[in-house]
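Colleague: I'm new to reading protein models, and I'd like to learn how to make sense of one. Could we go through it together, feature by feature?

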Amino acid sequence: MRPRRRYLIFSARSPVPLSAEELREALRETMRSLFGERALALSGFELALYDAAKGLGVVRCHHTYVDAARTALAMTTSVRGLSVALTTLRVTGTLRKAARVVASLEPARNSPVRLMEGLQS
């Protein structure tokens, strides 16, 4: 039986823009350190989408690991030695819906885009 997937939409707040690859590695390392290699493999935990300009992203996982994925997002506090805050905004059942929600949302409050707009005004 194929596992059901869930997509967690999150906001990323950091002082500088983060690349998708840096964020992917930090998320995987947090999931591995909290739950182990086995849970990382079984959960299907993966960064599916990330919009660096908005500071919003989507993580994919199996439905039985949604709580673990939420925990890994919340516990990821640094990327490249910079402090970062990841907050889960919503959980959806399809990537299409998750992408639609990300497209409709404004940039995260403390995203680099918002901070630069404040400096230019």
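Modeller: Gladly! Let's start with Arg-32, and keep in mind that this is a predicted model.

Colleague: Is Arg-32 buried, partly exposed or exposed?

Modeller: The idea is to look at relative accessible area: under 20% is buried, over 50% is exposed, and what lies in between is partly exposed. Arg-32 has 27% relative accessibility, so it counts as partly exposed.

Colleague: Which residues form a salt bridge with Arg-32?

Modeller: For a salt bridge, look for a side-chain nitrogen of Lys or Arg within 4 Å of a carboxyl oxygen of Asp or Glu. Arg-32 pairs with Glu-29, with 2.9 Å between the closest N and O atoms. Arg-32 also pairs with Glu-37, and there the closest N and O atoms are 2.8 Å apart. Through these shared partners, Glu-29, Arg-32 and Glu-37 are joined into one network.

Colleague: How are Glu-29 and Arg-32 placed in helix α1?

Modeller: They are three residues apart in that helix, so about one helical turn separates them. As for accessibility, Glu-29 is at 43% and therefore counts as partly exposed. Glu-37, at 48%, is partly exposed too.

Colleague: How many salt bridges are there by this rule?

Modeller: The count comes to five. One of them is formed by the side chains of Arg-80 and Glu-22, at 3.0 Å from N to O. This pair links distant parts of the chain, 58 residues apart: Arg-80 sits in the loop between β4 (78-79) and β5 (82-83), while Glu-22 belongs to helix α1 (residues 20-43).

Colleague: Are those two partners buried, partly exposed or exposed?

Modeller: Arg-80 has 51% relative accessibility, so it counts as exposed. Glu-22 has a relative accessible area of 24%, which means it is partly exposed.

Colleague: Let's turn to the surface. Which residues gather in a patch of positive charge?

Modeller: When you look for a charged patch, search for like charges that come together on the surface. Here Arg-90, Arg-96, Lys-97 and Arg-100 form such a positive patch. Helix α3 (residues 95-104) gives the most to this patch, with three residues. Arg-90, for its part, lies in strand β6 (residues 85-92). Its relative accessibility is 39%, so Arg-90 counts as partly exposed.

Colleague: And which residues make the nonpolar surface patch?

Modeller: Leu-34, Phe-35 and Met-75 make that patch, which covers about 270 Å². Met-75 is found in helix α2 (residues 66-75). With a relative accessible area of 48%, Met-75 is partly exposed.

Colleague: I'd also like to know how to read contacts. Which residues does Val-91 touch?

Modeller: Two residues are in contact when they have heavy atoms within 4.5 Å of each other. Leaving out residues up to four places away in sequence, Val-91 touches Arg-6, Tyr-7, Leu-8, Val-66 and Arg-70. Val-91 is in strand β6, and its relative accessible area of 28% makes Val-91 partly exposed. Compare sequence with space here: Val-91 and Arg-6 are 85 residues apart along the chain, yet their C-alpha atoms are 6.7 Å apart.

Colleague: Where is Arg-60 found, and is Arg-60 buried or exposed?

Modeller: Arg-60 is in strand β3 (residues 56-62). With a relative accessible area of 17%, Arg-60 is buried. Apart from neighbours within four places in sequence, Arg-60 is in contact with Arg-5, Arg-6, Tyr-7, Gly-44, Phe-45, Glu-46, Ala-48 and Leu-95.

Colleague: Now for the whole chain. How many helices and strands does the chain have?

Modeller: There are four helices and six strands. Starting at the N terminus, the elements run β-α-β-β-α-β-β-β-α-α.

Colleague: What share of the residues counts as buried?

Modeller: Of the 121 residues, 37% count as buried. The chain has an accessible surface of about 6,900 Å², and 52% of that belongs to carbon and sulfur atoms.

Colleague: What part of the contacts comes from residues 24 or more positions apart?

Modeller: Among contacts with a separation of 6 or more, such pairs account for 74%. The Val-91 and Arg-6 pair, 85 residues apart in sequence and in contact, is a good place to practise reading this feature.

Methods: Residues are numbered from 1 along each chain as its sequence is written. This is a predicted model: local features need pLDDT of at least 70, side-chain atom pairs count only at pLDDT 80 or more; totals for chains, interfaces and linings use all residues. Side-chain values use heavy atoms; hydrogens and water are left out. Patches are made of residues with over 30% relative accessible area and no salt bridge: like charges are joined within 9 Å, nonpolar side chains (Val, Leu, Ile, Met, Phe, Trp, Tyr) within 5 Å. Accessible areas come from the Shrake-Rupley method with a 1.4 Å probe; for residues, only the protein chains shown count as cover. Lys and Arg count as positive and Asp and Glu as negative; His and the chain ends are not counted. The place of a charge is taken as NZ of Lys, CZ of Arg, CG of Asp or CD of Glu. Helices (H or I, at least four residues) and strands (E, at least two) are DSSP runs, numbered from the N terminus. Buried means under 20% relative accessible area, exposed over 50%, partly exposed in between (1.4 Å probe, protein chains only).
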